[in-house]
Amino acid sequence: MDFRIFTEPQQGASYETLLRVARTAEQLGYDAFFRSDHYLRMGDGDGLPGPTDAWITLAGLARETERIRLGTLMTAATFRLPGVLAIQVAQVDAMSGGRVELGLGAGWFEQEHTAYGIPFPGRRFDRLEEQLAVVTGLWSTAPGKTFDFDGSYYQLKDSPALPKPVQDRIPVLIGGLGAKRTPALAARYATEFNLPFVSVQRTAEQFALVRAAAEEHGRPADDLVYSNALVACVGRDDAEVASRAAAIGREVDELKANGLAGTPAEVVEKIGRYREAGTQRIYFQILDLDDLDHLELIAAQVRPQVGEDQGEQAR
């Protein structure tokens, strides 16, 4: 099972803080560093020093890391025109030597759009569908050919469809709990389907819908990676768990119910239940970005136990 780090910089983090976390994650052997794509803090607090742009951040990290994969959960389709987004992501892919992944969602946080003068249109899911068609269409157009698209929201004519990414296919992540359109969209465009902050039971139910949609679309269900993003609050003992929960303003019982919280043994057991539901990849949402010991603890005492447990099951 892949272990990835997922951050929420809109809550208050500078580029330097994100760089420290990404480098630490890389040194500790995590598979990827991901960040949200938001411009406004959620909940209480001042959000200082203020928001950082997701793709500018990833461009910087692309040049200052060597191995770790880099991506978004999720870039908002409302923030960028699809042609511009395709160029940005392809460029960062080149800057990283082919380590970029694009999580793309419809956009939902109206207040941040209002705060920064970003239009918040209706029918965002329809726009997302066209964005996915444009972005992936531009990347897959053969060199020397042009790309046209005539949609309800976006029209492209004689696009040279450049630049090309380094990767033959940039991984595209789609997520959500819709019963029909979301699974169908994932089946058509996604390399990975992600569920944020949902239970084991809800995970199993939604993965089943996506797997069925993939088969209906003519893809093997196992052609997609199935993943969860879950808040992390791991401690060597109950006191350390409580201290980490207090640092992020959450209650231990709530974190244990809704995330990956507790001692390493407790978290390993919870991950095992997600794995039984079909989860292949975990994004640990780290909310205290100054607590690098938290990343070290998960790498040292959770990841090895998950690996050992997998080995026992295989035998």
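The chain carries 33 positive and 45 negative side chains, and the centres of these two sets lie 5 Å apart. In this count Lys and Arg are positive and Asp and Glu negative, while His and the chain ends are not counted; each charge is placed at NZ of Lys, CZ of Arg, CG of Asp or CD of Glu. The model is predicted, so that local features need pLDDT of at least 70 and side-chain atom pairs count only at pLDDT 80 or more, whereas totals for chains, interfaces and linings use all residues. Residues are numbered from 1 along each chain as its sequence is written, and side-chain values use heavy atoms, with hydrogens and water left out.

The secondary structure comprises 11 helices and 12 strands, taken as DSSP runs numbered from the N terminus (helices: H or I, at least four residues; strands: E, at least two). The radius of gyration of the chain is 19 Å, which agrees with the value near 20 Å for a compact globule of 315 residues. This radius is taken over C-alpha atoms, and the globule rule is 2.2 Å times the number of residues to the power 0.38. Along the principal axes, the C-alpha atoms fill a box of roughly 60 × 45 × 35 Å.

Of the 315 residues, 53% are buried, where buried means under 20% relative accessible area, exposed over 50%, and partly exposed in between (1.4 Å probe, protein chains only). The accessible surface comes to about 13900 Å², and carbon and sulfur atoms hold 50% of this area. Areas come from the Shrake-Rupley method with a 1.4 Å probe; for residues, only the protein chains shown count as cover. Among contacts (heavy atoms within 4.5 Å) with a separation of 6 or more, 74% are between residues 24 or more positions apart.

Helix α5 spans residues 124–140 and has 17 residues; from first C-alpha to last it reaches 24 Å, close to the expected 24 Å at 1.5 Å a residue. The expected span is 1.5 Å times one less than the number of residues. In α5, 12 of the 17 residues are buried, including Asp126, Glu130, Gln131 and Trp139. The elements that cover the buried residues of α5 include α3 (82–96), β5 (100–105) and α6 (181–189).

Ala142 lies in the loop between α5 and β6 and is partly exposed, at 39% relative accessibility. From Ala142 to Pro304 the C-alpha distance is 43 Å, with these positions 162 residues apart in sequence numbering.

His294 belongs to helix α11 (residues 292–314) and is buried, with a relative accessible area of 5%. Beyond its neighbours within four places in sequence, His294 is in contact with Ala232, Cys233, Val234, Arg244 and Ile286.

Most residues other than glycine have a negative phi, and most peptide bonds are trans. Ala161 has a positive phi of about 55 degrees although it is not a glycine. Ala161 is placed in the loop between β7 and β8 and is buried, with a relative accessible area of 4%. Pro163 is also found in the loop between β7 and β8, and a cis peptide bond with omega of about 0 degrees joins Leu162 to Pro163. Another cis bond joins Leu48 and Pro49, with omega of about 10 degrees; Pro49 is in the loop between β2 (32–35) and α2 (54–64). Phe197 has a positive phi near 60 degrees, lies in the loop between β9 (192–196) and α7 (200–216), and is partly exposed, with a relative accessible area of 39%.
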